[in-house]
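Work through the exercises below with the sequence and the model side by side. Try each task before you read its solution.

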Amino acid sequence: MAKQKKQAMVHYNEKKDRFELYLRNSTDDEWDFSYAANCVATEGSTETNFIYFGFLRELLNVINLGYEVIEGAVI
């Protein structure tokens, strides 16, 4: 039996101004939503240039689980 290829995709949702994490494996054609982090402004700034660190922690978790991480396109 062939080993499943696991992929994680990081996608920037411009409409919602947030980063989203989607997962899939080689037996699944569709991406499954996993996690999202809204972009927010840091104190004293009007530009939304910060995301919650939990997103990075979740991304590191999927890497440790053997997922190949790719930059996403529009879903």
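**Exercise 1. An aromatic pair and its exposure**

Is Tyr12 buried, partly exposed or exposed? Then describe its pairing with Phe19.

*Solution.* Keep in mind that this is a predicted model. Step one: take the relative accessible area of Tyr12, which is 35%. Step two: apply the cut-offs, where buried means under 20% and exposed means over 50%. Tyr12 is therefore partly exposed. Step three: do likewise for Phe19. Its relative accessible area is 28%, so Phe19 is partly exposed too. Step four: turn to the rings. A search of the whole structure gives five aromatic pairs. In one of them, the ring centres of Tyr12 and Phe19 lie 5.1 Å apart, with 50 degrees between the planes. Planes under 30 degrees apart would count as stacked and over 60 as edge-to-face, so this pair is tilted.

**Exercise 2. From the pair to the cluster**

Which parts of the chain does the pair of Phe19 and Phe55 link?

*Solution.* Start with the geometry. The two rings are 6.5 Å apart, centre to centre, and their planes make 50 degrees, a tilted pair. Now place the residues. Phe19 belongs to strand 2, and Phe55 to helix 1, residues 53-64. They are 36 residues apart, so the pair links distant parts of the chain. Next, check exposure. Phe55 has 4% relative accessibility and counts as buried, whereas Phe19 is partly exposed. Finally, collect the cluster: Tyr12, Phe19, Tyr35 and Phe55 belong to one aromatic cluster.

**Exercise 3. The nonpolar core**

Which element gives the most to the largest nonpolar core?

*Solution.* List the members first. The core has nine residues: Ala8, Val10, Leu21, Leu23, Ala37, Phe55, Leu59, Val62 and Tyr67. Then sort by element. Strand 1 (6-13), strand 2 and helix 1 each supply at least two of them. Helix 1 gives the most, with three residues. Now follow one member, Ala8. Leaving aside residues up to four places away in sequence, Ala8 touches Leu21, Tyr22, Leu23, Trp31, Val62, Tyr67, Glu68, Val69 and Ile70.

**Exercise 4. The hairpin**

In which sense do strand 2 and strand 3 pair, and over how many bridges?

*Solution.* Take strand 2 as residues 18-25 and strand 3 as residues 32-38. They pair in the antiparallel sense over six bridges. Six residues lie between the two strands, and the strands form a hairpin. For a reference point, find Tyr22: it stands opposite Phe33 in strand 3.

**Exercise 5. Salt bridges**

How many salt bridges are there, and which parts does the one between Lys5 and Glu68 tie together?

*Solution.* The count is two. In one, the side chains of Lys5 and Glu68 meet at 3.6 Å, N to O. Lys5 sits in the segment before strand 1, and Glu68 in strand 6 (residues 68-71), so this salt bridge ties together parts 63 residues apart in sequence. Both ends are partly exposed: Lys5 has 47% relative accessibility and Glu68 has 36%. Another salt bridge joins Arg18 and Glu20, with the closest N and O atoms 2.7 Å apart. Arg18 and Glu20 are both buried.

**Exercise 6. A residue of strand 1**

Is Met9 buried or exposed?

*Solution.* Locate Met9 in strand 1. Its relative accessibility is 4%, under the 20% cut-off, so Met9 is buried.

Key:
Residues are numbered from 1 along each chain as its sequence is written. This is a predicted model: local features need pLDDT of at least 70, side-chain atom pairs count only at pLDDT 80 or more; totals for chains, interfaces and linings use all residues. Side-chain values use heavy atoms; hydrogens and water are left out. Two strands pair if DSSP finds at least two bridges between them. Helices (H or I, at least four residues) and strands (E, at least two) are DSSP runs, numbered from the N terminus. Rings of Phe, Tyr and Trp (its six-membered ring) pair if their centres lie within 6.5 Å; planes under 30 degrees apart count as stacked, over 60 as edge-to-face and the rest as tilted. Buried means under 20% relative accessible area, exposed over 50%, partly exposed in between (1.4 Å probe, protein chains only). A nonpolar core is a set of buried Ala, Val, Leu, Ile, Met, Phe, Trp, Tyr and Cys residues joined through side-chain atoms within 4.5 Å. Contact means heavy atoms within 4.5 Å. A salt bridge is a side-chain nitrogen of Lys or Arg within 4 Å of a carboxyl oxygen of Asp or Glu.
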